[in-house]
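Biologist: I am new to this structure and would be grateful for a close look at a single part of it. Please take the binding site, and then place it within its wider surroundings.

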Amino acid sequence: MSRIVEIVNAIEGYDPDALHVEKARAAIRACLAPVREIERVPVREALGRVLAENIVPGIDVPGHDNTAMDGYAVRFADLGAGATVLEEIGAALAGKAFGGSLGPGQCVRVTTGAVMPAGADTVVVQEVVKMQGTRVTIPPGQKARQNVRYAGEDLKKGEAVLRAGRWLRPAELGLIASLGIGEVQVRRRVRVAFFSTGDELASIGSTLKQGEVYDSNRYTLHGMLARLGVEARDLGVVRDEPAALEAAFRDAATGADAIVTTGGVSVGEADFVKSMMAKLGEALFWRIAMRPGRPMAFGRIGDAFLFGLPGNPVAVMVTFYQFVREALLVLGGRTGDCAPLLLDATAAEALRKVPGRTEYLRGVLFRDGGVLKVKTTGQQGSGVLRSMSEANCFIALEHARGKVAAGETVQVQPFDVLA
Ligand code: AMP
Ligand code: MG
């Protein structure tokens, strides 16, 4: 295994003391290798997992030409320039085909999804025809082959429809089921161990002493990890003591693909963590040109990648969403772009910003008339977790950008796109 430091040093423009957000992303990505183990699971359990095989249909879907509307199946050649009277000779229902075949001047009543009757090539919708006994009058203006769905139109036998690396969403579960496939091969879940560090942290259930705060980071982390569908192991609060930290890191590294910690990477705290990490594995201490979330450690202990996030509650969430989320998806074997979705919106107010760092403001995205606009949640301190709770997006202000005037276009990352 190459050392991480060698891999990241090869990235152009890599500077650990003033690291551009995009360089940090690239550095992390360059080091990761997806988990390799594969397991077979029933289709329902494959939700949120990463496909480890190509899905090749053994059948056409739909399996036969069928009707897309309720109405009458006709032979287009029978229809004249004016109204045409046809003779109804039977019916084809969904799941109940018509046994015969259409001759000249004949039609068959059909419901949506019925097998196309032999001899017919066109379907005329119910609403436009006139019926008198078995005489059916078709108005002019029909188009050849209208309202027919063809065999294999959705999925073609023998043509791979999903490839390994696909993240499986509800649509993919349905698609796999439509092929009659009951089990699929997926990569095993990524295993993540996490803990908070800090002498000032109290756990829920204890009474706060002077200077203590309740540990909230493990709860936001729990939530973010659970949403990603990883196997998360919570190792609790660890005191800022070398022996306790070393024991926690050793424990975390056993069996995990990634370790996520919060706190202990800021200036003043980093030194003893640094030497301890160097003893256990490899860690790079970065100063990222971003706000919030400037200090961050990235490294490896044993087989586990290490993400040492800052302690401030908002910084934890921002660094998780900008770096860790994507890294865990890649570790899980997902291919394609996993970066957060970026949309353009109009700034509804002026925004303070200095060039030279990427800033992630907590924003509220809303519609004003036809225009997508965004405003901040107000107070933006990196300890103000309420700003995350009130937000529905990050306003991602690019590295080189200066202050933003109301009315300018800015980029936003929405929190919840259809899950
Ligand atoms: P640190 O990065 O360890 O210097 O912490 C920065 C700030 O975040 C300090 O005000 C900490 O008290 C706070 N903090 C650190 N860890 C947590 C946590 N787990 N829950 C809530 N606040 C925290
Ligand atoms: Mg601390």
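Modeller: The account below begins with the ligand and then turns to the enclosed spaces and the domains. The model is a predicted one, and every value given here is computed from it.

The space that ligand 1 takes up is the second largest pocket. Around ligand 1 stand 14 residues, and the closest of them are Glu200, Asp215, Ser216, Glu269 and Gly311. By residue class, this shell comprises eight polar, three nonpolar and three charged residues.

Several contacts with the protein backbone can be followed atom by atom. At Ser216, one of the closest residues, a backbone N or O atom lies 3.0 Å from a nitrogen atom of ligand 1. At Gly311, also among the closest residues, a polar backbone atom is 2.9 Å from an oxygen atom of the ligand. Gly264 takes part as well, with a backbone N or O atom 3.2 Å from an oxygen atom of ligand 1. Taken alone, ligand 1 exposes 490 Å², and the protein buries 78% of that area.

The model also holds enclosed spaces: three cavities have a volume of 30 Å³ or more. The largest cavity has a volume of about 170 Å³. Its lining consists of 15 residues, and those nearest its centre are Gly48, Val50, Leu228, Gly229 and Gly332. Seven of the lining residues are nonpolar, five are charged and three are polar. Domain 1 (3-37 + 188-331) and domain 2 (38-60 + 153-187) each supply at least three residues to the lining of this largest cavity.

The second largest cavity contains about 100 Å³ of space. It is lined by 16 residues, with Phe249, Gly263, Gly264, Val265 and Val273 closest to its centre. Gly264 thus links two parts of this description: it appears in that lining, and its backbone also makes the contact of 3.2 Å with ligand 1.

As for the overall layout, the protein is divided into domain 1 (3-37 + 188-331), domain 2 (38-60 + 153-187), domain 3 (66-149) and domain 4 (343-417). Between the C-alpha centres of domain 2 and domain 4 there is a distance of 38 Å.

Definitions and conventions
Residues are numbered from 1 along each chain as its sequence is written. Chains are lettered from A and ligands numbered from 1 in the order in which they are written. This is a predicted model: local features need pLDDT of at least 70, side-chain atom pairs count only at pLDDT 80 or more; totals for chains, interfaces and linings use all residues. Side-chain values use heavy atoms; hydrogens and water are left out. A residue is near a molecule or strand if one of its heavy atoms lies within 4 Å of it. A polar contact is a pair of N or O atoms within 3.5 Å; within protein, one must be able to donate a hydrogen and the other to accept it, and residues adjacent in sequence count only if both atoms are side-chain atoms. Accessible areas come from the Shrake-Rupley method with a 1.4 Å probe; for residues, only the protein chains shown count as cover. On a 1 Å grid over the protein atoms alone, a cavity is a set of points where a 1.4 Å probe fits but cannot get out, and a pocket is an open set with protein on both sides within 12 Å along at least five of seven lines; lining residues have an atom within 4 Å of a point. A molecule sits in a cavity or pocket if more than half of its atoms lie within 2 Å of its grid points. Ala, Val, Leu, Ile, Met, Phe, Trp, Tyr, Cys and Pro count as nonpolar, Asp, Glu, Lys and Arg as charged, and the others, Gly among them, as polar. Domain bounds come from an automatic or database domain assignment. Grid points are joined across faces, edges and corners, and a volume is the space filled by probe spheres set on the points.
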